[in-house]
Amino acid sequence: EEKKDLKKASTALERLVLLKPSPASNLRLAGYYIGLKDSVRAIEPLERFTAVKRDAGPQMLLLSKCYLVRKDYEKAEVVMRKVIALKPKESLSDIYLVYAVALEGIGKLPDAIGAYEMSLKYDAKNGEAFFKVGQFYLRERKWKEAITPLLNALNLGVHRDEAMAGLADAY
């Protein structure tokens, strides 16, 4: 029932945004779409919002995540560079994790490893980042370097089976 109401509200708000656009209504519309788990439809209102509010780091981060869902790594990477340029003080681990995924998606693997490691600098319990760093080292056949991040990912319960298989390869 709540989902139906949210869908109706988003449809009405979408019409209103087309007639009388405003940053606040675009942000609200994006929020409705995120609530409906439709991150791809949230992209347009987030783009309109961040075009006007160029210092809206959290919304830019959300926009990048939506781009990643759509596998639009190039756009996500551009937006994340803008987020990092804002020199945010919060959510740094998440910011660098999203940036790393975007970099990995466009094939900038050495830069992606650096971004994953930055993510770990701000959150030493980021199992996803540990796993990704370990996987990169395995691909590079740097067995010794792969062990610690894969063990950390395993201990944090992230990608357990893949981490164990990677550890078996590394040993």
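The following exercises, each with a worked solution, concern aromatic pairs, one helix and one pocket.

The model is predicted, with local features needing pLDDT of at least 70, side-chain atom pairs counting only at pLDDT 80 or more, and totals for chains, interfaces and linings using all residues. Residues are numbered from 1 along each chain as its sequence is written, and side-chain values use heavy atoms, leaving out hydrogens and water.

**Exercise 1. Determine how many aromatic pairs there are, and classify each one.**

Step 1. Rings of Phe, Tyr and Trp (its six-membered ring) pair if their centres lie within 6.5 Å; planes under 30 degrees apart count as stacked, over 60 as edge-to-face and the rest as tilted. This rule gives 2 aromatic pairs.

Step 2. The ring centres of Tyr96 and Tyr122 are 6.0 Å apart and the planes lie at 10°, so this pair is stacked. Tyr96 belongs to helix α6 (residues 92-105) and Tyr122 to helix α7 (residues 109-122), so that distant parts of the chain, 26 residues apart, are linked. Helices here are DSSP runs (H or I, at least four residues), numbered from the N terminus.

Step 3. Burial is judged by relative accessible area: buried means under 20%, exposed over 50%, and partly exposed in between (1.4 Å probe, protein chains only). Tyr96, at 14%, is buried, whereas Tyr122, at 38%, is partly exposed.

Step 4. For Tyr116 and Phe136 the centres are 5.8 Å apart and the planes at 45°, so the pair is tilted. Tyr116 in helix α7 and Phe136 in helix α8 (residues 127-139) are 20 residues apart, and both are buried.

**Exercise 2. Compare the expected span of helix α3 with the distance between its end C-alpha atoms, and locate its bend.**

Step 1. The expected span is 1.5 Å times one less than the number of residues. For the 14 residues of α3 (residues 39-52) it is 20 Å, and the end C-alpha atoms are 20 Å apart, which agrees.

Step 2. A bend is the angle between axes fitted to the seven residues ending at a residue and the seven starting there. In α3 the bend is about 30°, at Pro45.

Step 3. Pro45 is among the buried residues of α3, as are Ile43, Leu46 and Phe49.

**Exercise 3. Identify the helix that gives the most to the lining of the largest pocket.**

Step 1. Among the lining residues are Glu47, Met60, Tyr67 and Lys82.

Step 2. Helices α3, α4 and α5 (73-85) each supply at least two lining residues.

Step 3. The helix sought is α5, with 4 residues.

Notes:
On a 1 Å grid over the protein atoms alone, a cavity is a set of points where a 1.4 Å probe fits but cannot get out, and a pocket is an open set with protein on both sides within 12 Å along at least five of seven lines; lining residues have an atom within 4 Å of a point.
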